[in-house]
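Here are some short exercises to work through with the model open beside you. Try each task before reading its solution.

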Amino acid sequence: MPQPAVVVLDVNETLSDLSPLADAFTGVGLTAADVPRWFTAVLRDGFALSAAGAAPRFGAIAEGVLRTLLPAPEGPGREEAVRHVLDAVAALPPHPDVAEGVRALRGAGHRLLTLSNGPASTADRLLAQAGVRELVEATLSVEDVGPWKPAPATYRYAARRAGVPVAELVLAAVHPWDTDGAQRAGAAGAWVDRTGQRWPSHLRAPDARVARLPELPAALADLRGRRG
């Protein structure tokens, strides 16, 4: 791994904190447990459409899945409920460790980009809210590629935009499928495991594992040492 590596940050759940959605969901007759159910279904359908050759859009799938979960009948009340939840999705805050983590990575000399299955504007807003937008070179979206991550083309797109070989990228994400996908495409993968989960044994083990983003510079330095 060269020094400095280009660190590509995932956006949904890695930068954004989904926990405030619990109030929005319960406010429209759903439960807090429906939040992960909704988000998992959004990812599932995005992956499926990508595999089928489509170019899915995150917002359309997020709304479509939400409509399948809402208990309200068709009518003005249902539309109000949809808008209430989608507005909450659009206003999600960054995790508390994002600002510190971005500053730590830049302080260690790493170039930073984001790569999301959603629109680039989401990353722009989250980074601006954290006060670190100017530290990130570019906010990238798979909308400019077609398929969602973990398609290899998405990570190669990030490498092209960074002007480096894909081997010089480190993808940092909370999702094991994302780090696995990056590694299969030739990049390194860093798992941000905020909740102390078990790693899925059917996926490639991550090159680095941290509990919080600010720990990532040290983990990458250790990875360089092990590879060197």
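**Exercise 1. Place Asn12 in this predicted model, decide whether Asn12 is buried or exposed, and list what Asn12 touches beyond its sequence neighbours.**

Solution.
- Step 1: Asn12 sits in the loop that runs between strand 1 (6-9) and helix 1 (21-26).
- Step 2: The relative accessible area of Asn12 is 13%. The cut-off for buried is under 20%, so Asn12 is buried.
- Step 3: Setting aside neighbours within four places in sequence, the contacts of Asn12 are Phe39, Phe58, Ser116, Gly118 and His175.

**Exercise 2. Describe how helix 2 and helix 3 pack: what is the angle, and how far apart are the axes?**

Solution.
- Step 1: Helix 2 covers residues 34-51 and helix 3 covers residues 58-69. They pack at an angle of about 130°, and their axes are 9 Å apart.
- Step 2: Angles over 145 degrees count as roughly antiparallel and 65 to 115 as roughly perpendicular; the angle here therefore makes helix 2 oblique to helix 3.
- Step 3: The crossing of the two helices is right-handed.
- Step 4: Helix 2 brings Asp34, Arg37, Trp38, Phe39, Ala41, Val42, Asp45, Gly46 and Leu49 to the contact, while helix 3 brings Phe58, Ile61, Ala62, Val65, Leu66 and Leu69.
- Step 5: Sorted by character, the residues of this contact are 11 nonpolar, one polar and three charged.

**Exercise 3. Which kind of aromatic pair does Phe47 form with Trp148, and which with Trp177?**

Solution.
- Step 1: Six aromatic pairs are found in the structure. In one of them, Phe47 and Trp148 lie 6.3 Å centre to centre with 90° between the planes, which is edge-to-face.
- Step 2: Phe47 belongs to helix 2 and Trp148 to the loop between strand 3 (138-141) and helix 7 (152-162), so this pair ties together parts 101 residues apart in sequence.
- Step 3: Now the burial. Phe47 is partly exposed at 27% relative accessibility, whereas Trp148 is buried at 2%.
- Step 4: Phe47 and Trp177 also pair edge-to-face, at 4.8 Å centre to centre and 75° between the planes. Because Trp177 lies in helix 8 (residues 176-184) and Phe47 in helix 2, the pair ties together parts 130 residues apart in sequence.
- Step 5: Trp177 has 19% relative accessibility and counts as buried.
- Step 6: Putting the rings together, Phe47, Phe58, Trp148 and Trp177 form one aromatic cluster. Phe58 has appeared before: it is among the contacts of Asn12 and among the helix 3 residues that meet helix 2.

How values were computed:
Residues numbered from 1 in each chain as written. Predicted model: local features only at pLDDT ≥ 70, side-chain atom pairs only at ≥ 80, totals over all residues. Heavy atoms only, no water. Axes fitted to C-alpha atoms, helices over the stretch in contact; angles between N-to-C directions. Helix = DSSP H or I, 4+ residues; strand = E, 2+ residues; numbered from the N terminus. Parallel < 35°, antiparallel > 145°, perpendicular 65-115°, else oblique. Left-handed = near helix turned anticlockwise from the far one by under 90°. Contact = heavy atoms within 4.5 Å. Nonpolar A, V, L, I, M, F, W, Y, C, P; charged D, E, K, R; others polar. Phe/Tyr/Trp six-rings, centres within 6.5 Å; stacked < 30°, edge-to-face > 60°. Buried < 20%, exposed > 50% of the residue type's maximum accessible area, 1.4 Å probe, protein only.
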